[in-house]
Amino acid sequence: MELIGLYPLFYFPQIGSAWLMGITGSIHIMASHTSVGAALLFAFLAHKAYKEDRPELYDYMKKYGMFLVIFSYVIGSITGPGIWYTATAASPRGISALIHNFVWVWATEWVFFIVEVIGVFTLIYTIGKIDRKTHLKLTYMFALASVSTLFLIIGIISFMMWPGTEAWYQTGSASDAFFGINTFPHMFLRIGFMILMSAIIGFIISSALKEKDLRSELTRKLAVIGMIGGLTVLMSFLWYVQTLPQNAWDLFHDVLWARDGMTRIVIATVITLYLILAFVLPRSINTVLAVVMMLVIGVIGVWPGEKMRESMRKPFVAGRYIYSNQLIARDVPGKHVKSEMALVAEKGLLKLDPFIPDHLRSITPENQLEAGHLIAKIACSNCHSLEKGAKFRPLPDKFPGLDAATIETILTEVIATGVRSYIPPIKLPDDETKALAAWLATQNK
Amino acid sequence: MDIGLVLNTLRDPAGVPFYPIVFQALYILTWALHIAFVLLALGGIPLALIGNAKKSIDDNWKKLGAHMTQVAKISVSILIVLGVAPLLFTQVIYDANWYVTNTISGLWVVAFIYILILAYSLWYWFYYANKNNSPIAGLVGVVSLLAFVGAGVLMHAFANESIQPEQWMNWYAPNGVIDTSGTNLHIDILRLAFMVSLSAPVTGIFLLNYVDYTSKCDGYTATYLSFVKNLGKKIATVGLLVSAVLFAVWVLTLNMLMNPLVIAIVVAVLVLLFMVIKESNSYITTLVLVVTALLISTLREVIRMNIMSKYGYSIYDYPMNIDWPTVIMFLTTFVGVGFTAVGFMLTMAWRAGRTKGIYTADATVTKLANATVGITIIWALIFLLWGIITVFKNTL
């Protein structure tokens, strides 16, 4: 019996399982980026406090640090593995591909995590209890460890978009996969955002300080830091989009930017005005405004940004060799990986998937709709909701009112031929295509 | 369903990037470290809650409760970060098991994250509420404990489901009807009870460490130290006895009572019992506890290997594509950065905790601090250089 390594399906109605990962991921990005940005800010403040003998800055660091522990090291440290968990439930082969390529990179990042977690507690609780010079070294170490976690994760996330060159497909070497052409622009993009976030969160703490002069001074400094971060984001973003693979660029330029571009420009303008306000009138930044702005950036800034990045990756989920629906799209000689597409076209998903009940292995008139529904779940549900009118990319709505024969033609002539560059061009045996079309025709009315 | 064929088909086609036995050893080691902090948090939280409840009538409990609140708080952070490693290594060699579990229990897998966030956030709330003598502190703490226990039960269920491949199809498609809701949850109550019971000896022995450390610090009276010592001894003794009974019953159901590893664990537990009762040096007792944890972690792995070998699955014949550059990166970082940085922070914290007033770093701590910063800078430079060379090599 011939099988391919497909896993059981987890499907969350109306939303789709993959979007659950997006939600967890967006929360994690807010928290983790803040933590790295704040680590850099700590090093800067500790340096200043030590060189200029400014003990009041230590109080600020302590307050910021406690907030950071709760925000970043509770939420951030849990949602980090949380992305793994949700990604595993939604795209097991996608996460497996990353793990089996980058396990040692992740293990290295783990070493820095340990240093970070012990570091943040040590850093906060030893303020005023150890000599300042040693404390300064501790903040340097903490900042370096935090930035190193970024260095280590960035190549993995960049690989999800693409390895950048053909080298990895031939060598299979993790370093060829890790250091692609968009790794460095992506790294600077994230560093800029981290610096920006450290200022945005820093405002929450500085605005709550009772000492007015210190409050104004810190708010102004944070505004400058935020501007540096924001400018880095803008410049790196322009660099980053130039390093995308062609179909991602087309999708970004023709579809996503056309749809969301104005929102991005508005959010960038709002942030710029906010930072200018903080610099010119530092006392106008109160805690309520600071919290609201943080949420605005989180909801309007991060979530659509991540959605955009995720959409640009389509139809792949990792390394441009695994499709979103978990099928292996191409050969990777360096890893002895073989494409599964020809086998799927010949035998069909229902014969090759190990987790199919026996009565659905062969399609009959009696089980055709049930089989069609299952094929839709296997082949489409990673990107599409299967309910008509559902929140995210509802599949039935893509074929409004069409009959089974027309849908079948679209599946074979448009989808399977790769006309839509963001949809996996999967050829299925005739009986599976007919079953899928028949089921869709019952859902789109 | 040919389970062996399925298990071997589900292996990642990219293979593993190093010898499987190394991942296995790292899994055993890091799981033992992770579970130690899970158990400490699980044992520390009830003590903190009792301390909160009794703080108005008993100064000893008040002080201990406040300290255990902090211990639990830091333990949870550490258990999370230590938990990443076994999660990583199990996915490399037992990917089939872990991923099937994560899909058939997908909804619980997602819920786990948010339950843990809720539990930990509530614990911080309890910490501040307790500090401010809020009347709802106790309630918040109890809900936090329940949420932590819930998260623990879920994690146990995932591990339990992963070693029952013969049940996967029944759970995923009962009576031939596929269920993609991800709501499967199957626990082994005996195994769970044994694992949870270990929180008592771990916490009891921790209290003995706490007494030994704080006895050399200012602000701890003999009465208080004696109270904590007696409490720790009692919790450890009763906990070891209960754990031993549960362990015996559990391994009996597995027909492994005479397994050499099981016997070694029983001996280790007896040694621990003896050391606790005789009030031996608590740091040495902790070392024996660590060895016991490693033996238990190894037993879990032996159980899993036995089950998998029944179906013709062996991690040792997983196809390999060794990736030396990243292997070397991990090893040098683990030893160079990890040991130096953690050594620096723990040595400094240990010495600062015992110093009255401000601690000024001595020569050893200063050397460690300088080495840590220097090594991390060198690490970053090498990493960036490696990246730039690779990009140039592959694009020009």
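Buried here means under 20% relative accessible area, exposed means over 50%, and partly exposed lies in between (1.4 Å probe, protein chains only). The model is predicted, so local features need pLDDT of at least 70 and side-chain atom pairs count only at pLDDT 80 or more, while totals for chains, interfaces and linings use all residues. Residues are numbered from 1 along each chain as its sequence is written, chains are lettered from A and ligands numbered from 1 in the order in which they are written, and side-chain values use heavy atoms, with hydrogens and water left out.

**Stop 1: the interface**

Select the residues of chain A and chain B that are in contact (heavy atoms within 4.5 Å). The selection should hold 96 residues from chain A and 106 residues from chain B. Between them the chains bury about 8500 Å², 78% of it on carbon and sulfur atoms; buried area is the accessible area (1.4 Å probe) that two parts lose on being put together, summed over both.

Next, show D176(A) and K393(B), which form a salt bridge with the closest N and O atoms 3.3 Å apart. A salt bridge is a side-chain nitrogen of Lys or Arg within 4 Å of a carboxyl oxygen of Asp or Glu. The rule finds 1 salt bridge across this interface.

Then colour the chain A side by element; helices (H or I, at least four residues) and strands (E, at least two) are DSSP runs, numbered from the N terminus. Elements giving two or more residues to the side that touches chain B include α1 (17–52), α2 (55–90), α3 (92–125) and α13 (368–380) of chain A. The largest share, 25 residues, comes from α3(A).

**Stop 2: salt bridges within chain A**

Over all chains, the structure holds 21 salt bridges. Select R393(A) and E310(A), whose side chains meet in one at 3.7 Å, N to O. R393(A) lies in the loop between α13 and α14 (404–415) and E310(A) in helix α10 (residues 287–312) of chain A, so the pair ties together parts 83 residues apart in sequence. Is E310(A) buried or exposed? E310(A) counts as buried, at 17% relative accessibility, whereas R393(A) is partly exposed at 23%.

Move to E408(A) and K434(A), a salt bridge with closest N and O atoms 3.2 Å apart. E408(A) is in helix α14 and K434(A) in helix α15 (residues 430–443) of chain A, 26 residues apart.

**Stop 3: chain B**

Select E279(B) and K229(B), which meet in a salt bridge at 3.6 Å, N to O. E279(B) is partly exposed at 41%, and K229(B) is partly exposed at 31%.
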